[in-house]
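Here is a friendly round of questions and answers to read alongside the sequence and the 3D view. Take a look first, and then let's go through it residue by residue and helix by helix.

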Amino acid sequence: MWSARRGFLILLAAGVVAGCTVRPLYAPDASGQSVQEELRAVEVEMPTTRPEQVFRNSLLFGLQDGETVSPQYRLEYTLALNSSSVGIETVTGVPTAYQLSGHLRYRLFDISTGQQVLGAVLNTVASYDRSSQAFAKLRAERDAEDRVAETLAGILKTRLASYFARN
């Protein structure tokens with residue numbers, strides 16, 4: 001009896017897996033075109049701040065994969081950073097721990113039609129400690145800015161890949 005039940009469950013599981021139509025995100029579709037080819041065709045606007053430069057460099061590194069093609073899409077974005085204290089030293093009352101919030105508003109346009117095809121707001125945070133030493137304080141804040149920018153670039157790359165895989 002137990003082996004009959006086990007056999008039935010194995011057949012049921014095999015039937016469920018056989019009906020699965022999931023494919024890897026970066027795998028070529030039936031026509032042979034891959035998501036990576038679409039990602040290479042995204043033109044990213046120029047940055048205006050140092051964190052935007054870090055974001056753009058990280059995003060381009062992920063999108064272009066060493067190759068460039070003529071752009072079919074244009075990505076516009078705005079990166080806003082906001083720092084707030086989350087820890088205060090009990091003796092002096094001076095903030096020592098901070099949280100850096102990053103908000104990325106992006107819009108993807110089809111260059112041939114000029115229409116927006118995708119857009120949203122992404123958010124992430126990074127924490128850092130402030131030191132009494134000026135250079136250490138500046139370096140900690142910049143490292144947090146870099147982590148926020150690189151995290152947002154990774155999230156956006158996945159969002160773009162998901163969009164191209166569906167369309």
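Q: Is R40 buried or exposed?
A: In this predicted model, R40 lies in helix α2. Its relative accessible area is 13%, and the cut-off for burial is under 20%. R40 therefore counts as buried.

Q: Leaving aside neighbours within four places in sequence, which residues is R40 in contact with?
A: Let's stay with R40, a residue of helix α2. Once neighbours within four places in sequence are set aside, its contacts are L63, Q64, D65, E67 and V69.

Q: What is the relative accessibility of V42, and where is V42 found?
A: V42 is found in strand β1. V42 counts as buried because its relative accessibility falls under 20%. The value for V42 is 3%.

Q: How far apart in space are V42 and L160, C-alpha to C-alpha?
A: Setting aside neighbours within four places in sequence, V42 is in contact with L63, Y73, L75, L108 and F164. L160 is not on that list, but here is its spacing from V42: the two are 118 residues apart in sequence. In space, C-alpha to C-alpha, V42 and L160 are 9.3 Å apart.

Q: Which residues have the most contacts inside the largest nonpolar core?
A: This core has 33 residues. At least two of them come from each of α2 (35-40), β1 (42-44), α3, β2 (73-88), β3 (95-110), β4 (116-129) and α4. Those with the most contacts inside the core are F55, L108, L156 and F164.

Q: Which element supplies the largest share of this core?
A: Several helices and strands each give at least two residues, among them α3 and β4. The largest share is 11 residues, and the element that supplies it is α4.

Q: Which residues is L108 in contact with, leaving aside its neighbours within four places in sequence?
A: L108 is one of the residues with the most contacts inside the largest nonpolar core. Beyond its sequence neighbours within four places, L108 is in contact with V42, Y73, R74, L75, Q115, Q116, V117, L118, L160, Y163 and F164.

Q: At what angle do the axes of helix α3 and helix α4 cross?
A: Two packed helices are described by the angle between their axes and the distance between the axes. Helix α3 covers residues 50-64 and helix α4 residues 134-166, and their axes come within 8 Å. The crossing is right-handed. The angle is roughly 40°.

Q: How many nonpolar, polar and charged residues are in the contact of α3 with α4?
A: From α3, the contact uses R50, P51, V54, F55, S58, L59, G62 and L63. From α4, it uses R142, E145, D146, A149, E150, L152, A153, L156, K157 and L160. By class, that gives 10 nonpolar, 2 polar and 6 charged residues.

Q: How far apart are the C-alpha atoms of L122 and L152?
A: L122 has its place in strand β4, and at 3% relative accessibility it counts as buried. Not counting residues up to four places away in sequence, L122 touches G102, H103, L104, Y106, L152, I155, L156 and R159. L122 and L152 are 30 residues apart along the chain, and their C-alpha atoms are separated by 7.0 Å.

Q: What separates the C-alpha atoms of Y98 and Y128 in space?
A: Y98 sits in strand β3 and is buried, with a relative accessible area of 11%. Leaving aside neighbours within four places in sequence, Y98 is in contact with S83, S84, S85, V86, A126, S127, Y128 and R130. Y98 and Y128 are 30 residues apart along the chain, with a C-alpha separation of 5.4 Å.

Q: What pattern does the protein chain follow along the sequence?
A: The chain has 4 helices and 4 strands. Read along the sequence, their order is α-α-β-α-β-β-β-α.

Definitions and conventions:
Residues are numbered from 1 along each chain as its sequence is written. This is a predicted model: local features need pLDDT of at least 70, side-chain atom pairs count only at pLDDT 80 or more; totals for chains, interfaces and linings use all residues. Side-chain values use heavy atoms; hydrogens and water are left out. Axes are lines fitted to C-alpha atoms, for helices over the stretch in contact, and angles run from 0 to 180 degrees between N-to-C directions. A crossing is left-handed if the near helix is turned anticlockwise from the far one by less than a right angle, and right-handed if clockwise. Contact means heavy atoms within 4.5 Å. Ala, Val, Leu, Ile, Met, Phe, Trp, Tyr, Cys and Pro count as nonpolar, Asp, Glu, Lys and Arg as charged, and the others, Gly among them, as polar. A nonpolar core is a set of buried Ala, Val, Leu, Ile, Met, Phe, Trp, Tyr and Cys residues joined through side-chain atoms within 4.5 Å. Buried means under 20% relative accessible area, exposed over 50%, partly exposed in between (1.4 Å probe, protein chains only).
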